[in-house]
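Please look through the structure shown here before reading on. The report below goes through it part by part.

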Amino acid sequence: MNRILFVSHCPSANTESLRNAALTGIAGLNLDDVMVVAKSPLETDANDVENCDGILLGTTENFGYMAGLIKDFFERVYYPCLESKQGLPVALYIRAGEDGRGTRSSIEKILTGLRWKPISESLILRGPYNDAFEGQVAELAMTMAAGLDANIF
Ligand SMILES: Cc1cc2nc3c(=O)[nH]c(=O)nc-3n(C[C@H](O)[C@H](O)[C@H](O)COP(=O)(O)O)c2cc1C
């Protein structure tokens, strides 16, 4: 069984919709050997990371940086998982009202330190909310699920 850990910070209805789009996309693939553990960053600990085969991260950009709870998540799991999870497939989407680049670069630095393996370019969903964002997030999530199922990552 491939286990995807999906950690998303969802402070608004729009970000909840993005989260749901990811879950619906994966569920629609009907993969028998893939399961998703979806949690808020505050609920997630190092054991969740230890026990996953791929991680999908969703954050907002706040004050030019990742959401505080996502930073807290990284602070709690970084050293406990540093040795054991090198090569972990990871995908990231960022919901940003205007920019998103500060969040992307700060998270990518952490991912480089952890030696997690991005499965695709980080997705920045920038500007006024657009329903098309949901398709982009679903596609990213499905790429993770299908790739794990096919042992591509
Ligand atoms: C305190 C606060 C700070 C924010 N700072 C930024 C920022 O620096 N850059 C940016 O692009 N968006 C910023 N935003 C906008 C959020 O990224 C956006 O509201 C969030 O992703 C939720 O999206 P939604 O409005 O579509 O629900 C900020 C929002 C809040 C509440």
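What follows describes the ligand shell, the strands, two helices and two single residues. The model is predicted.

**Around the ligand**

Fifteen is the count of the shell: of these 15 residues around the ligand, S12, N14, T60, A96 and G97 come nearest. Three elements each give two or more residues to this shell, namely α1 (13–28), β3 (54–62) and β5 (89–96). The largest share comes from β3, which supplies three residues. Sorted by type, the shell around the ligand holds eight polar residues, four charged residues and three nonpolar residues.

**Strands**

Strand β1 (residues 2–8) and strand β2 (residues 34–39) run parallel and are joined by six bridges. One of the pairings can be named: N2 has V34 as its bridge partner in β2. How does the chain get from β1 to β2? The path goes through α1, and this β-α-β crossover is right-handed.

A second parallel pair is formed by β5 and β7, with four bridges between them. Here the bridge partner of Y93 is L123 in β7.

In a regular strand the side chains alternate between the two faces of the sheet. Strand β7 (residues 123–126) shows this alternation. L123 and L125 point to one face and are buried, while I124 and R126 point to the other face and are not buried.

**Two helices**

Helices α4 and α5 can be described in the same terms, beginning with their lengths.

| Helix | Residues | Number of residues | Span between end C-alpha atoms | Expected span |
|---|---|---|---|---|
| α4 | 101–114 | 14 residues | 20 Å | 20 Å |
| α5 | 132–149 | 18 residues | 26 Å | 26 Å |

For α4, the span is close to the value expected at 1.5 Å a residue. For α5, the distance between the end C-alpha atoms agrees with the expected span.

Which residues of α4 are buried? They are T103, R104, I107 and L114. Seen down the axis of α4, these buried residues fall within an arc of 95°, so they line one face of the helix. The other side of α4 carries the exposed residues S105, K109, T112 and G113.

In α5, the buried residues are F133, E134, V137, L140, A141, M144, A145 and L148. Around the axis they cover an arc of only 130°, which puts them on the same side of α5. A132 and G135 are exposed on the other side of α5.

**Two exposed residues**

Where is D33 found? D33 sits in the loop between α1 and β2. A residue counts as exposed if 12 or fewer other C-beta atoms lie within 10 Å of its own. D33 has 10 other C-beta atoms within 10 Å, and therefore D33 is exposed. In sequence, D33 and M1 are 32 residues apart, yet in space they are 4.6 Å apart, C-alpha to C-alpha.

G113 has its place in helix α4. With 11 other C-beta atoms within 10 Å, G113 is exposed as well. G113 and L82 are 31 residues apart in sequence and 8.2 Å apart in space, again C-alpha to C-alpha.

Terms used
Residues numbered from 1 in each chain as written. Predicted model: local features only at pLDDT ≥ 70, side-chain atom pairs only at ≥ 80, totals over all residues. Near = placed C-beta within 6 Å. Nonpolar A, V, L, I, M, F, W, Y, C, P; charged D, E, K, R; others polar. Pairing = 2+ DSSP bridges. Right-handed = clockwise from strand over helix to strand, strands pointing away. Expected span 1.5 Å × (residues − 1). Buried ≥ 20, exposed ≤ 12 C-beta atoms within 10 Å, placed from the backbone. Arc of directions from axis to C-beta.
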